[in-house]
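Hi,

Here is the structure I promised to pass on. Please have a look, and my notes follow below.

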Amino acid sequence: MTDDDGPEPRKVHHLNPRSLRGLAHPLRMRLLSSLRLEGPATASQLAARLGESSGATSYHLRQLAEYGFVEDDPDRGKGRERWWRSAHQGTRTDEELIRDRSPEVQAALSTLLFEYATQRAQEVTTWIATRHEWSKEWDESADTSDYTLYLTPEQTSELSHKVNALMESYRSSPPPEGAPDVAQVRVHSHIFPTRQERPRP
């Protein structure tokens, strides 16, 4: 959105071959995800969150900073403690990068996508394991559906754009300040072809 009275547009990092290679590491991706979902933290706090050593989190945070994914949080960095925050609200893999046939780029992209899939699977299994801790309203509102459609590439692209636009519409109209029972909601979208043949009628 561009209206002066509306919310500021999200800052999105568009990956290029260099930044892709800088991000395509499982711990770096987990660090970045934690900073985006749970907010700014120090290397020690992130180590506790993720079950890693503070030496490892500190090293990989500096690597993420070198590639422009994280930055110092000036509002919290007091004294010797160094606080980190995500420099962007999202990461986008553009078509040009996907079409890059360089073996190095494709290897890094595979690492990135496999780690995304692993993180999302962990989020779903955590929800399933803890759903009894949530209210009836939250339990009934959650959804883990899947669909099988028969589409052309053009229809699939149209579907993907419509789904993304719907998600963004909810981002631009958040619950009013002070609304009860507000929680962070994660939405996963996977749209991809398979080799299954279409069943005959």
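Below is what I found, going from helix to strands to surface.

This is a predicted model, in which local features need pLDDT of at least 70 and side-chain atom pairs count only at pLDDT 80 or more, while totals for chains, interfaces and linings use all residues. Residues are numbered from 1 along each chain as its sequence is written, and side-chain values use heavy atoms, with hydrogens and water left out.

Helices and strands are DSSP runs (H or I, at least four residues; E, at least two), numbered from the N terminus. Helix α2 covers residues 26-38, and its end C-alpha atoms are 18 Å apart, which agrees with the 18 Å that its 13 residues should span at 1.5 Å a residue (the expected span is 1.5 Å times one less than the number of residues). Its buried residues (under 20% relative accessible area, 1.4 Å probe, protein chains only) are Leu27, Arg28, Met29, Leu31, Leu32, Ser33, Ser34 and Leu35. Just after α2, Gly39 has a positive phi of about 95 degrees.

Strand β4 (residues 83-86) pairs with β2 (residues 41-42) in the antiparallel sense over 2 bridges; pairing requires at least two DSSP bridges. Within β4, Trp84 is the bridge partner of Ala41. Strand β3 (residues 70-72) also runs antiparallel to β4, joined by 3 bridges, and Val70 has Ser86 as its bridge partner.

Finally, Met167 lies in helix α8 (residues 153-171). Met167 counts as partly exposed because its relative accessibility is 32%, and partly exposed means between 20% and 50%.

Best wishes
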